[in-house]
Amino acid sequence: MRIRTYLLAASLTTTGLLALPLTATAAPADPAPLVGDFDGDGYADLAVGVPSGTVGGKAKAGYVSVVFGGEDGPGTGGVRRITQATVEVPGTPETGDRFGAAVTTAHVDDDQYADLVIGAPGEDLGAKTDAGSVTVLYGTGDGFALADTAARGEHVGDAYGLALAAADFTGDTDVDLAIGGKDKVVANLNPYAARTEPVMADRMGGRAPVMTTGDFDSDGSPELAVAYYTQNQPSTQSHIQLYRHNTDMSRFTGYWNSDNGAANALAAGDFNGDGHDDLALGDCREIADENIDNPCGPERFAKGGGIHIHYGSSRGLVWEGQTLNQDTPGVPGVAETGDDFGNALTVVDIDADGMDDLIAGAPGEAIGGAARAGSVTVLKGGAQGILDASGAANANASAFQQDSPGIPGAAEKGDAFGAALTTADHNGDGRPDLSAAAPGENASAGGVWELPSVTASGVKALTPNSLGLPASSHPYAYGAVLAR
């Protein structure tokens with residue numbers, strides 16, 4: 001079975017097995033644990049980070065809203081609010097902690113229950129203001145149990161927990177964490193203890209690094225992909241880099257680099273079904289004009305936000321790839337400045353054909369006269385990848401926005417529908433469902449739209465009001481942070 005990383009939502013809940021001869025020692029394999037199922041009930045759960053949320057009167061202390069899955073999707077299994085005042089969670093809610101600024105899921109302790117990994121980049125550690133911290137909260141049959149602190153920032157302003165990714169980087173079958181901080185990425189190879197080691201350090205302009213993981217050379221061990229950029233600090237630079245854990249050297253080493261290309265989103269998947277993970281760069285553009293020309297593909301595809309895909313091979317990512325935007329034949333919509341097409345990406349095999357599909361958010365898309373109302377585009381994988389041999393999107397590409405039939409609400413200025421995306425089987429029917437956020441909805445109260453089986457049938461909206469979340473002194477921007 002090909003390696004799948006913990007950042008990608010699983011489209012199936014069981015592993016595929018070859019037929020074996022009937023012998024006394026043959027036994028069926030246990031089903032793979034469902035990604036994102038914290039309570040083990042067979043339904044994936046939705047975790048939403050609310051770093052701007054008020055807790056105990058502390059502004060922007062932050063929390064995570066866990067919406068448990070059920071037969072009718074998220075919400076039918078209940079809702080739980082996780083804060084640093086929660087019994088299992090280390091620490092204390094403090095102003096500006098921003099607990100929930102990054103969230104991901106992983107099976108850290110190897111049981112059937114998914115675990116929740118939470119970043120708090122504004123956490124103060126003694127005199128070290130904004131040092132940041134990362135917490136692992138372990139799933140159990142009744143939701144959650146004990147927790148560990150997986151990382152603590154070492155210096156003032158480290159901001160550990162700005163970004164998170166999880167995978168088995170070392171090949172020992174245990175989950176490791178990649179942790180983004182200010183101008184650095186570190187790794188924890190034992191999430192039960194708060195010990196980290198460096199992965200890379202460079203200027204990032206105060207932004208969180210963009211990270212994902214994938215096995216791009218199919219050697220059985222996933223790599224870490226990192227994108228970041230800075231402008232005029234003191235010079236302009238941008239990079240998209242791959243790192244792997246070198247067992248002989250006992251550290252992470254960089255082995256692939258794209259200078260001058262900046263991406264706001266990364267996603268890994270096998271779009272052409274050849275057994276190698278591919279890397280999609282969302283809202284990709286050239287920042288500096290030196291060294292490498294067109295690091296995000298032909299410049300004409302940059303308008304409105306371009307998506308560039310590097311395809312995997314036995315030797316890693318191939319430089320030449322496919323580039324598309326909303327002017328590409330077969331892609332719904334029209335490329336317009338400010339669309340931010342690809343600003344959010346998620347990957348899943350919607351129709352179980354063995355080729356992953358790519359879902360892209362364009363939160364800046366204007367719908368009618370509503371600026372930045374936002375939209376979501378579903379692009380199908382195929383034998384040639386996301387584009388066919390003629391350079392057009394594969395058949396059945398589709399788009400959703402809040403004026404689409406079946407989508408509750410209306411497209412309004414600043415909704416930013418599609419600003420964050422994730423997929424998982426929240427209703428237990430064996431097919432992946434799409435969660436699409438609109439954090440600007442209702443004066444930035446926000447919300448998450450649940451599209452069962454990635455269709456506009458039976459869609460429902462999860463909002464702070466419908467979930468009964470307590471009042472906050474700052475807008476929730478609910479959905480801006482979704483766990484994957």
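These exercises examine the cavities of a predicted model.

**Exercise 1.** Find how many cavities of 30 Å³ or more the whole structure holds, and give the space in each.

*Solution.*
Step 1: Search the whole structure. Two cavities of 30 Å³ or more turn up.
Step 2: Take the largest cavity. Its space is about 100 Å³.
Step 3: Take the second largest cavity. Its space is about 70 Å³.

**Exercise 2.** Describe the lining of the largest cavity by residue, by element and by class.

*Solution.*
Step 1: Start with residues. The lining of the largest cavity has 13 residues. Nearest the centre lie Asp 45, Thr 422, Ala 424, Ala 483 and Arg 484.
Step 2: Move to elements. Strand 1 (46-50) and strand 25 (421-424) are those that give two or more residues to this lining. Strand 25 supplies the largest share, three residues.
Step 3: Sort by class. The lining of the largest cavity has six nonpolar, five polar and two charged residues.

**Exercise 3.** Describe the lining of the second largest cavity, which holds about 70 Å³ of space.

*Solution.*
Step 1: List the residues at the centre. This cavity is lined by 15 residues, and Cys 284, Cys 296, Gly 297, Pro 298 and Ala 302 are the closest to its centre.
Step 2: Assign elements. Two or more lining residues come from each of strand 18 (278-286) and strand 19 (306-310).
Step 3: Place one residue in its class. Gly 297 is among those closest to the centre. Glycine counts as polar.
Step 4: Sort the whole lining. For the second largest cavity, the classes are seven nonpolar, five polar and three charged.

How values were computed
Residues are numbered from 1 along each chain as its sequence is written. This is a predicted model: local features need pLDDT of at least 70, side-chain atom pairs count only at pLDDT 80 or more; totals for chains, interfaces and linings use all residues. Side-chain values use heavy atoms; hydrogens and water are left out. On a 1 Å grid over the protein atoms alone, a cavity is a set of points where a 1.4 Å probe fits but cannot get out, and a pocket is an open set with protein on both sides within 12 Å along at least five of seven lines; lining residues have an atom within 4 Å of a point. Grid points are joined across faces, edges and corners, and a volume is the space filled by probe spheres set on the points. Helices (H or I, at least four residues) and strands (E, at least two) are DSSP runs, numbered from the N terminus.
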